[in-house]
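Dear colleague,

I am passing on the structure we spoke about, together with notes on what turned up when I went through it. Please read the notes with the coordinates open beside you.

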Amino acid sequence: MRNVPDFLRPNKRNAWLAFVALGLLLLVLPFATDALLGRGWVRIVDFALLYIMLALGLNIVVGYAGLLDLGYVAFFAVGAYTYALLGSPQFGLHLPFWIVLPIGATLACIFGALLGAPTLKLRGDYLAIVTLGFGEIIRIFLNNLNAPLNITNGPQGISQIDAIRVAEFSLGRSQELFGITLPSVHLHYYLFLALTLLVIFISLRLQDSRIGRAWMAIREDEVAASAMGINTRNIKLLAFAMGATFGGVAGGLFAGFQGFVSPESFSLMESIMILCMVVLGGMGNIGGVVLGGVLLVVLPEALRNGAGPVQQVLFGKTLIDPESLRMLLFGVALIVVMLWRPAGLWPSSQRQRELEAHDGEAQQEQDTVYDASR
Amino acid sequence: MEILLQQIINGLVQGSVYALVALGYTMVYGILGLINFAHGEVVMVGAMVALAVIKVLLATALSPVLVLLLSLLAAVGVCMALGYGIERVAYRPLRHAPRLAPLITAIGVSIVLQTLAMIIWGREYHAFPQLLPNASHSIGGAVINEVQIAIVLVAVLMMAGLLLLVHRTRLGRAMRAVAENPSAAALMGVNINGVISTTFMLGSALAAVAGLMVSANYGIVHYYMGFMLGLKAFTAAVLGGIGNLRGAMLGGVMLGLIESLGAGYSGALTGGMFGSNYQDVFAFIVLIAVLIFRPSGLLGERVAERA
């Protein structure tokens, strides 16, 4: 449990204090954000939580099992479209959220297993490129399945998706709870927060389980792992299916939150974005992945909102439109962070040790980096 | 029958472009064992630079052939510099880092190049001027124009030149040695960094030529054009057996043919259910099928378990 953030370490003295403080912070976060930065930012925080869920799902595949998946967003799409098709005027179906979400998750899981079964004997870059192709195939189908039979409504996407609701309690409008008025975004925040914490908990438990150790063994040396009696194919398949399930859940939440899905939301760029969260933050380390998710959602938004005014002040006019600047800085950030810390901002301590032990040359080059973080 | 012939011609032309770009991927992969994710953007930069030079030179009274040649030279020059730069910035510092790190920097370079192109040249589609008379010829009912003939010819010439370079020259021998075993090559006195830089520059030069070809063929240049092209070309490289030059050429041409035949006939075969708008799917289905049944590619010798 060395790489668990302090506040999650179960039997540490005074840990509960930090825990309570963090819990309070998370509870008041939407209200504080709303008051300080405006309602739009609460939405961004909600999205950050969604992306953290996605990144944690991908972390199982990439971080734990070491399988590079560049088509992860396909599972997100499966979850989102399942919810969109079963809970919108598209087919006139309005199944309740808590029934559709497991269906979406199961479907995503099946897709994960379907993709994994034939491809898992491949390794490294080959697997990356096959998953990338799979992601694109799903997107192209979503884009084109509107003729001759209209299933996905093509590039226009599906709108007017039902809000997330449990019995008569809908998250789509403001609700009065204990005398506090909670707007829709706040309600979604608490739901997403609860699910994110659940995903973190599952990830933590998986990491220290038999399965988790098997994944890491495969990541480090597949031949050795298989010699130790691990059924590598099944265990890898399990990683794929489990990661896909998380993706499917996040997709369902996304569709319900956004009220609209279109193939555009599931481009390769999204897959890359999620992968960047995992790698930038620190593969295999839950804290790192959460950090990566927060950074990559919040920083670009801050840039988008801040870049215009700053340029006004500096140059007297807007030279580069904020959206382009956002992408530019995002690209530069990826390069700089990787050059500066190849193992991520907050690397898993275990991987760090392995790097030092096995790669003498790399270690010499990176001594300063690791000394600083120790 | 005319349709079949037409699709084969289209496939050959498109396939030649794929092959040229695929060579860039396969050379880098052969030497470093890495996917150069930014390679597609190099193609785009080549096309953009060529277009910019043509626009400037068209105002002067130079002959169109000279304009085309100068723009090609400029594109090749800029792309070679870019290839060198990409290697220095994104790959060399990370040669011993965890495997995913250079992949992420390459993605970063790709995003930066794309965004820069968008800032400099805008989001709109640019028309690529037609410099030379482009007469169409009819072969058995199918049409091929002179630009397309030129594309296939130039592609064949460049590939022949590259094969000669790799198999008959000192530099080529050094490249093969580094691909085989970098440390042994270094002990034999090969300047590894120099060879790797040269490889990147060669691949980028081919990409620049390919960029000019695509734009001349379709008459359109766009900041986003490199992405899908790069993806397809990588598919072609894998199809032929990555790391293998002849494989990249074969894979490129085959992918072009499969795509154009697939797009031409899938609509009729599936009763209109899956039309030509599924063209991109064929490439990936082929890719997945190849990797499952013959992971080393058509001409590859190495096995897939080489992660």
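**A buried glutamate and its surroundings**

E259(B) has a relative accessibility of 1% and therefore counts as buried. Please keep in mind throughout that this is a predicted model. The residue belongs to helix α10 of chain B, which covers residues 245–269. Leaving aside residues up to four places away in sequence, E259(B) touches Y18(B), K232(B), Q279(B), F282(B) and A283(B).

Which side chain makes a polar contact with the side chain of E259(B)? It is that of K232(B), at 3.1 Å, and the side chains of K232(B) and E259(B) also meet in a salt bridge, with 3.1 Å from N to O. Because K232(B) sits in helix α9 of chain B and E259(B) in helix α10 of chain B, the pair ties together parts that lie 27 residues apart in sequence. K232(B), too, counts as buried, at 5% relative accessibility.

**Other salt bridges**

Over all chains, the structure holds 6 salt bridges, and besides the pair just described I would point you to the following ones.

In chain B, the side chains of R92(B) and E87(B) meet in a salt bridge at 3.0 Å, N to O, and E87(B) is buried, its relative accessible area being 0%. A network of salt bridges links E87(B), R92(B) and R95(B).

In chain A, the side chains of E136(A) and R139(A) form a salt bridge, again given from N to O, at 3.0 Å. Both E136(A) and R139(A) lie in helix α5 of chain A (residues 124–144), where they are 3 residues apart, about one turn of the helix. With a relative accessibility of 3%, E136(A) counts as buried.

**The contact between the chains**

Turning to the interface, the contact takes 50 residues from chain B and 50 residues from chain A. Between them, chain B and chain A bury about 4,400 Å², and 79% of this area is on carbon and sulfur atoms. Of the area that chain B buries against chain A, H96(B), L100(B) and I104(B) supply 14%, which is more than any other three residues.

How many salt bridges are counted between chain B and chain A? The count is 0, and the count of residue pairs in polar contact between chain B and chain A, with both residues at pLDDT 80 or more, is likewise 0. The second of these counts carries that confidence condition, which should be quoted along with it.

On the side of chain B that touches chain A, at least two residues each come from α4 (100–121), α9 (225–240) and α11 (279–293) of chain B. α4(B) gives the most to this side, with 14 residues. The residues on the side of chain B that touches chain A divide into 39 nonpolar, 7 polar and 4 charged.

**Aromatic pairs**

A search of the whole structure finds 17 aromatic pairs over all chains. In one of them, the ring centres of Y72(A) and F75(A) are 6.0 Å apart and the ring planes stand at 75°, so the pair is edge-to-face. Y72(A) is buried, with a relative accessible area of 0%, and F75(A) counts as buried at 1% relative accessibility. Elsewhere in the list, ring pairs link F47(A), F76(A), Y81(A), F192(A), F254(A), F257(A) and F266(A) into a cluster.

**The two chains as a whole**

For the overall picture, I give the totals chain by chain.

- Chain A has 14 helices and 6 strands, and of its 374 residues, 53% are buried. Of the contacts in chain A between residues at least 6 apart in sequence, 71% join residues at least 24 apart.
- Chain B has 11 helices and 4 strands, and 53% of its 307 residues count as buried. Of the contacts in chain B with a separation of 6 or more, 76% are between residues 24 or more positions apart.

If you open the model at one place to begin with, I would suggest the pair K232(B) and E259(B), whose side chains meet in the salt bridge at 3.1 Å, and then the side of chain B that touches chain A, to which α4(B) gives the most.

With best regards

How values were computed: Residues numbered from 1 in each chain as written. Chains lettered and ligands numbered in written order. Predicted model: local features only at pLDDT ≥ 70, side-chain atom pairs only at ≥ 80, totals over all residues. Heavy atoms only, no water. Contact = heavy atoms within 4.5 Å. Buried area = accessible area lost by both parts, 1.4 Å probe. Salt bridge = Lys/Arg side-chain N within 4 Å of Asp/Glu carboxyl O. Polar contact = N/O pair within 3.5 Å; in protein donor to acceptor, adjacent residues only side chain to side chain. Nonpolar A, V, L, I, M, F, W, Y, C, P; charged D, E, K, R; others polar. Phe/Tyr/Trp six-rings, centres within 6.5 Å; stacked < 30°, edge-to-face > 60°. Buried < 20%, exposed > 50% of the residue type's maximum accessible area, 1.4 Å probe, protein only.
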